[in-house]
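Open the model in your viewer and keep the selection panel at hand. Each stop of this tour says what to select next and then what is there.

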2 protein chains.
Amino acid sequence: MTALPVQGALTAPAEDCLKAIYDLERSSHGAAVTTNDLAHRLDLAAASVTGMVKRLADQGLIDHAPYRGVRLTESGRRAALRTLRRHRVIETYLVQVLGFGWDRVHAEAERLEHAASDELVDRMAATLGDPATDPHGAPIPTREGGIAEGPAGRALSELAAGERGVVARVEDEDADRLRYLASLGVVPGVAVEVVERAPFGGPVSLRVAGESRLIGPQLAEQVMVV
Amino acid sequence: MTALPVQGALTAPAEDCLKAIYDLERSSHGAAVTTNDLAHRLDLAAASVTGMVKRLADQGLIDHAPYRGVRLTESGRRAALRTLRRHRVIETYLVQVLGFGWDRVHAEAERLEHAASDELVDRMAATLGDPATDPHGAPIPTREGGIAEGPAGRALSELAAGERGVVARVEDEDADRLRYLASLGVVPGVAVEVVERAPFGGPVSLRVAGESRLIGPQLAEQVMVV
DNA sequence: GCGATTATTTAGTGCGTACTAAAATTCGTT
DNA sequence: AACGAATTTTAGTACGCACTAAATAATCGC
């Protein structure tokens with residue numbers, strides 16, 4: 001459909017793209033984001049991304065060096081953080097107020113973030129007491145566009161046997177994985193201890209709330225611990 | 001933008017169009033809805049409506065007799081009522097839970113109704129105790145697609161001097177008018193008495209909560225009283 | 001009943017978003 | 001340094017949704 005973005009004039013696909021660039025830039029510590037990475041993240045053909053990227057560059061939201069990748073401009077970063085704030089406030093509201101499971105809010109927020117006004121998001125945030133993080137432990141940007149992007153700790157897969165910590169953030173949008181992690185008790189705020197770590201990308205053996213748990217290496221990468 | 005409708009595969013403009021057809025069919029007591037009426041209601045060029053109408057007819061949501069107008073099919077009616085339910089539940093939630101003014105919820109709901117899932121709407125409705133009407137007095141369709149479309153009383157403009165009644169519904173989506181009516185105390189549930197009615201489409205003189213009020217004829221048409 | 005007005009549809013355009021297939025560029029390796 | 005593989009962009013297509021201008025059908029008034 002022709003979506004009706006509430007602010008600026010950004011379409012939903014454009015907002016999604018900016019969000020993805022923000023995230024990939026962050027997880028690559030500021031390196032330029034490639035077309036391919038974006039295509040994978042957004043589940044689009046690479047050629048489609050090139051088209052989107054051109055439009056965003058025309059609007060001054062990103063800098064695009066052909067064949068070299070893209071980078072957010074200051075105004076692109078602001079737009080990305082606005083969308084991220086919407087997304088995370090909505091996710092938190094759905095879990096805390098409306099009783100959604102944490103594994104199901106992502107898809108819902110993914111649509112609502114493009115339709116909700118700033119006022120609605122601010123009212124939701126106020127109801128929640130202006131929380132600093134969403135249900136997955138991700139920081140929520142402020143109304144003014146600030147964000148507390150700490151180092152966010154280390155991945156569970158990097159801890160050595162015997163190390164302890166508290167789950168700070170779970171970097172995953174896949175409902176099945178989130179549901180599985182929740183069933184193991186691995187959610188933000190919970191204390192964990194690495195009992196054993198098999199080498200060469202083997203599984204991680206954990207102690208969570210007195211129970212013994214085994215987590216595969218891919219999953220362990222997405223769980224950040226402090 | 002290319003919007004991402006949650007159900008079926010209906011785009012936001014298509015849902016808006018079905019809703020408009022439903023409403024116009026109802027207010028014309030079942031007569032076929034003309035392209036022109038739709039164009040005015042949706043604020044589109046007539047030619048754009050013809051295009052939309054064709055697509056909806058291809059999908060079996062409406063019957064279109066060229067040059068003769070359109071009618072909802074059973075499945076079109078169901079789709080319209082789904083959207084109407086979303087819209088009205090969201091409006092009610094925004095007013096009752098999030099403290100929005102009744103004059104500002106329409107635009108917000110107009111966008112959210114295309115993004116919210118059935119589950120979200122049902123949870124909102126449950127939180128509100130499954131209300132029967134929205135803040136403007138309009139009936140909310142049930143989850144199953146039923147709706148209590150009573151005669152909804154008579155318009156304020158049809159009452160004779162001396163008649164009394166209770167405001168049941170205010171048929172208006174214009175924020176300014178709603179704000180004005182609210183400032184006069186004319187909201188659903190309030191008792192009113194017509195003191196005098198000037199002939200030939202003149203203003204209506206009212207008594208509302210002990211105060212004397214004057215309302216123009218266009219506005220008086222939109223206030224339904226029982 | 002026929003002409004003029006009005007309503008509606010068709011024709012042609014543009015924009016955004018997606019796609020596949022082909023061309024261009026960059027990168028890695030020998 | 002140069003070839004081949006991978007990545008990226010261009011070219012061409014399609015669809016939805018909007019528009020204006022022109023053609024066609026229905027309706028109203030005499």
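An axis here is a line fitted to the C-alpha atoms of a helix over the stretch in contact, and the angle between two such axes, taken between their N-to-C directions, runs from 0 to 180 degrees. Please keep in mind throughout that this is a predicted model.

**First stop: two helices of chain A**

Select helix H4 (residues 74–96) of chain A together with helix H6 (residues 118–127) of chain A, whose axes come within 9 Å and cross at roughly 45 degrees. Angles from 35 to 65 degrees fall outside the ranges counted as roughly parallel or roughly perpendicular, and H4(A) is therefore oblique to H6(A). Turn the view until one helix lies in front of the other, and you will be looking at a left-handed crossing. Now show the side chains of Arg85(A), Arg86(A), Val89(A), Ile90(A) and Tyr93(A) on H4(A), and of Val121(A), Met124(A) and Ala125(A) on H6(A), since these residues make the contact. Sorted by class, this contact of H4(A) with H6(A) has six nonpolar and two charged residues, and no polar ones.

**Second stop: two helices of chain B**

Move to chain B and select helix H4 (residues 74–96) and helix H5 (residues 105–112), whose axes come within 9 Å and cross at roughly 130 degrees. H4(B) and H5(B) are therefore oblique to each other, and their crossing is right-handed. On the H4(B) side the contact is made by His87(B), Ile90(B), Glu91(B), Leu94(B) and Val95(B), while H5(B) brings Val105(B), His106(B), Glu108(B), Ala109(B) and Leu112(B). If you colour these residues of H4(B) and H5(B) by class, you will find six nonpolar, two polar and two charged.

**Third stop: the surface near DNA strand C**

Which residues come nearest to DNA strand C? Of the 22 residues around this strand, they are Thr11(A), Ser48(A), Thr34(B), Asn36(B) and Ala47(B). Next, highlight the elements that give two or more residues to this surface, which are helix H1 (12–27) and helix H3 (46–58) of chain A, together with helix H2 (35–42) and helix H3 (46–58) of chain B. Among these, H3(A) gives the most to the surface near DNA strand C, with five residues. By class, this surface has 12 nonpolar, nine polar and one charged residues.

**Fourth stop: the surface near DNA strand D**

Select DNA strand D, which is surrounded by 22 residues, the closest being Thr34(A), Asn36(A), Ala47(A), Thr11(B) and Ser48(B). The elements giving two or more residues to the surface near DNA strand D are helix H2 (35–42) and H3 of chain A, along with helix H1 (12–27) and H3 of chain B. Here H3(B) gives the most, with five residues. The residues of the surface near DNA strand D divide into 12 nonpolar, nine polar and one charged.

**Last stop: two loop residues**

Select Ala209(A), which lies in the loop between strand E6 (204–208) and strand E7 (211–215) of chain A. Its phi is near 50 degrees, a positive value in a residue other than glycine. Is Ala209(A) buried or exposed? With 11 other C-beta atoms within 10 Å, Ala209(A) is exposed, because a residue counts as exposed when 12 or fewer lie within that distance.

Finish at His29(B), in the loop between H1 and H2 of chain B. Although His29(B) is not a glycine, it has a positive phi of about 55 degrees, and with 6 other C-beta atoms within 10 Å, His29(B) is exposed.

Notes: Residues are numbered from 1 along each chain as its sequence is written. Chains are lettered from A and ligands numbered from 1 in the order in which they are written. This is a predicted model: local features need pLDDT of at least 70, side-chain atom pairs count only at pLDDT 80 or more; totals for chains, interfaces and linings use all residues. Helices (H or I, at least four residues) and strands (E, at least two) are DSSP runs, numbered from the N terminus. Angles under 35 degrees count as roughly parallel, over 145 as roughly antiparallel, 65 to 115 as roughly perpendicular and the rest as oblique. A crossing is left-handed if the near helix is turned anticlockwise from the far one by less than a right angle, and right-handed if clockwise. Two residues are in contact if their C-beta atoms, placed from the backbone, lie within 7 Å. Ala, Val, Leu, Ile, Met, Phe, Trp, Tyr, Cys and Pro count as nonpolar, Asp, Glu, Lys and Arg as charged, and the others, Gly among them, as polar. A residue is near a molecule or strand if its C-beta atom, placed from the backbone, lies within 6 Å of it. A residue is buried if 20 or more other C-beta atoms lie within 10 Å of its own, exposed if 12 or fewer, and partly exposed in between; C-beta atoms are placed from the backbone.
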